[in-house]
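Me: I would like a close look at a single part of this structure, the sheet in one of the chains and whatever packs around it. Please take it step by step.

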Amino acid sequence: MSSAATGRSLGLTVCLECRATVRQVHALAHPRCPRCLARLHERKPHSLGITTVLIVSAAVLYVPANLLPVMNTRTFFDDEQDTIMSGVLELLHSGSWPIALLVFIASIVVPLLKILALAVLLYSAWRREPRLRLERTELYRLVEFIGRWSMLDIYAISLLATLVQVQGFANIIVGWGAWAFGAVVVLTMIATRTFDERLLWDGPARG
Amino acid sequence: MPGVIVCPACDLAHRRGAPPLRGRNECVRCRAPLQRPEGKPVEIAIALGVCALVLLIIANAYPLVVMHVNGATRDTTLVGAALGLYDQDYRTLAALVFLTTVLAPLSQIVALLYLLIPLRRGRRARGQSAVFRLLLAVRRWSFMEVFMLGALVALVRLSGYANVVPGIALWSCALLMICLSALTSVTSPEQFWAWVEQKRG
């Protein structure tokens, strides 16, 4: 496959919005897709740099997202603070382990997996790693697919905090952990978009 | 250059064949989908869009979850979830929830109908390209299916403390989720531009 014709070698660029094939994009100052008028780039501009910044920010915010309480439950008897993990444990003790597993995967595993996977992809794109390209592309597709599922707990918390406002009985107040968590979700979703997966294939192929 | 398809995922160039009748044509190198069926009538997409719009209105007009506790009753709607966060001064989080559960699904449906209804009569909507790109952008932030599971998690967590009843809106959210994913799959970018070119020619 070393002699495979690529869009770049033929002077062709694909519009990532409408999938039209456009000729000789780099000859123009501000190329736009003739069909849908989207901005065209041979590769997404500054992809590695921007994605790195977003991933580092997400990794930093992942710490308070997991350590700070995401919600505060105030009742007659006590004032209970829940982090994401303690919410999972509570679900587990109440006997609904499938739901506990779902929240654990969506809120703890998925964000961590996204950050680590994108870090690995950034590194291999930067090194122009010639091996295991198909596997890396598939990892990227997995990250793209699971990205949105981390919002699950934010929705659950927002519904709980809206419903449980019973005067003199129980109140649920949202915690800053939820804010940090939401930021992690948004940052990793944008990072997935700014990463140009074609960079994984740009170097010379081997093996 | 219509004779060549460049893979958007790995940049490999392919000779363009006819779009598949079902399934998809994949890139030979990275297996990204290159072509999907393009023969669907535009009326199917319009019907799905109208259906989704009705479901979205029901989902916002009726309570999502009703809770009975200590003789008191509380309920919330779809917008209520975002407003609850806003009331607790988490404005950015409220905006994120509002965007992903109300604004993005709504603008996704409205944009599609705005583009497709004139197209069916052989005309093009004003600002077609811009609206089309807006459509693709809001689609990425439309999280109805995630919201459904989040509501399920909230129901399970509350069921230990209070009597919770799923409302009509929750069922229409579930149908909306199915409707939106069908709508997204029949209106791929390739299909949309195939309709535009058909109606012009």
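Reply: The part to look at is an open sheet of 3 strands in chain B, in the order β6-β5-β7, with antiparallel pairing. The model is a predicted one. Strands of a sheet pair through backbone hydrogen bonds, either parallel or antiparallel.

Begin with the edges of the sheet. These are β6 and β7 (163-166) of chain B, each of which pairs on one side only. From one strand to the next, the twist averages 20°.

Next comes the pairing of β5(B) with β6(B). These two strands run antiparallel and are joined by 5 bridges. For one residue the partner can be named: B:V65 is bridged to B:T76 in β6(B).

Helices from both chains lie across this sheet. From chain B itself, α5(B) lies across β5 and β7, and runs at about 155° to β7(B). From chain A, helix α6 (residues 152-163) lies across β5 and β6 of chain B, at about 145° to β6(B).

The helix from chain B can be followed further. Helix α5 (residues 144-159) of chain B also meets helix α6 (residues 168-186) of chain B; their axes come within 9 Å and cross at roughly 150°. An angle over 145 degrees counts as roughly antiparallel, so α5(B) and α6(B) are roughly antiparallel to each other. Their crossing is left-handed. On the α5(B) side, the contact is made by B:M144, B:E145, B:F147, B:M148 and B:A151, and on the α6(B) side by B:L170, B:C173, B:A174, B:L176, B:M177 and B:L180. By class, these residues of the contact are 10 nonpolar and 1 charged, with no polar ones.

The helix from chain A leads to the contact between the two chains. This contact takes 52 residues from chain A and 50 residues from chain B. On the side of chain B, the elements that give two or more residues include two strands of the sheet, β5 (65-69) and β6 (72-76), as well as the helices α2 (78-87), α3 (91-120), α4 (128-139), α5 and α7 (189-200). Which of these elements gives the largest share of the side of chain B that touches chain A? The largest share comes from α5(B), with 10 residues. Counted by class, the side of chain B that touches chain A has 34 nonpolar, 10 polar and 6 charged residues.

To put the picture together: α5(B) lies across β5 and β7 of chain B, is in contact with α6(B), and gives the largest share of the side of chain B that touches chain A.

Technical notes: Residues are numbered from 1 along each chain as its sequence is written. Chains are lettered from A and ligands numbered from 1 in the order in which they are written. This is a predicted model: local features need pLDDT of at least 70, side-chain atom pairs count only at pLDDT 80 or more; totals for chains, interfaces and linings use all residues. Axes are lines fitted to C-alpha atoms, for helices over the stretch in contact, and angles run from 0 to 180 degrees between N-to-C directions. Helices (H or I, at least four residues) and strands (E, at least two) are DSSP runs, numbered from the N terminus. Angles under 35 degrees count as roughly parallel, over 145 as roughly antiparallel, 65 to 115 as roughly perpendicular and the rest as oblique. A crossing is left-handed if the near helix is turned anticlockwise from the far one by less than a right angle, and right-handed if clockwise. Two residues are in contact if their C-beta atoms, placed from the backbone, lie within 7 Å. Ala, Val, Leu, Ile, Met, Phe, Trp, Tyr, Cys and Pro count as nonpolar, Asp, Glu, Lys and Arg as charged, and the others, Gly among them, as polar. Two strands pair if DSSP finds at least two bridges between them.
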